[in-house]
Amino acid sequence: MPDRDHICKACDGTGLLADDEFWQYTCTVCGGDGIMMPNENPEPAVPFSVDDNNRVLE
Ligand SMILES: [Zn+2]
């Protein structure tokens, strides 16, 4: 059981988030482990991939 103080508030410790259509994806805040360490960087580790025309790649 993770420390309650460190449970990721974005995903509530599940490590998964769901969008409006209920597609689940890995929580980008905690990296999917459901634990938000004080020194964990909340910024996404990898920026969106874009091509030469700045379109977001699927
Ligand atoms: Zn999370």
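**Exercise 1. Find which residues Ala18 is in contact with, leaving aside its neighbours within four places in sequence, and decide whether Ala18 is buried or exposed.**

Solution. Once the neighbours within four places in sequence are set aside, Ala18 is in contact with Trp23 and Gln24, where contact means that the C-beta atoms of two residues, placed from the backbone, lie within 7 Å. The model used here is predicted, so that local features need pLDDT of at least 70 and side-chain atom pairs count only at pLDDT 80 or more, while totals for chains, interfaces and linings use all residues. Residues are numbered from 1 along each chain as its sequence is written. Next comes the place of Ala18, which is in strand E1; strands (E, at least two residues) and helices (H or I, at least four residues) are DSSP runs, numbered from the N terminus. Ala18 is exposed because it has 11 other C-beta atoms within 10 Å; a residue is exposed if 12 or fewer other C-beta atoms lie within 10 Å of its own, buried if 20 or more do, and partly exposed in between, with C-beta atoms placed from the backbone.

**Exercise 2. Describe the secondary structure of the chain and state what share of its residues is buried.**

Solution. The chain has two strands and zero helices. Of its 58 residues, 9% are buried. Turning to contacts between residues at least 6 apart in sequence, 23% of these join residues at least 24 apart.

**Exercise 3. Locate Asp12 and Phe22, and say what is notable about the phi of Asp12 and of Phe22.**

Solution. Begin with Asp12, which lies in the segment before strand E1 (16–18) and has a phi near 60°, a positive value in a residue other than glycine. Asp12 counts as exposed because it has 12 C-beta neighbours inside 10 Å. Then take Phe22, which lies in the loop between E1 and strand E2 (24–26) and has a positive phi of about 70° although it is not a glycine. Phe22 is exposed, because 6 other C-beta atoms lie within 10 Å. As background, most residues other than glycine have a negative phi.

**Exercise 4. Name the residues of the largest nonpolar core, and work out how Met36 is placed.**

Solution. The largest nonpolar core consists of five residues, Cys8, Cys11, Cys27, Cys30 and Met36; such a core is a set of buried Ala, Val, Leu, Ile, Met, Phe, Trp, Tyr and Cys residues joined through C-beta atoms within 7 Å. Met36 is found in the segment after E2, and it counts as buried because it has 21 C-beta neighbours inside 10 Å. Not counting residues up to four places away in sequence, Met36 touches His6, Ile7, Cys8, Lys9, Val29 and Cys30. The C-alpha atoms of Met36 and Gly13 are separated by 8.5 Å, although the two are 23 residues apart along the chain.

**Exercise 5. Decide how exposed Val29 is, and find the separation of the C-alpha atoms of Val29 and Cys8.**

Solution. Val29 is found in the segment after E2 and is partly exposed, because 19 other C-beta atoms lie within 10 Å. Its C-alpha atom is separated by 7.4 Å from that of Cys8, with Val29 and Cys8 21 residues apart along the chain.
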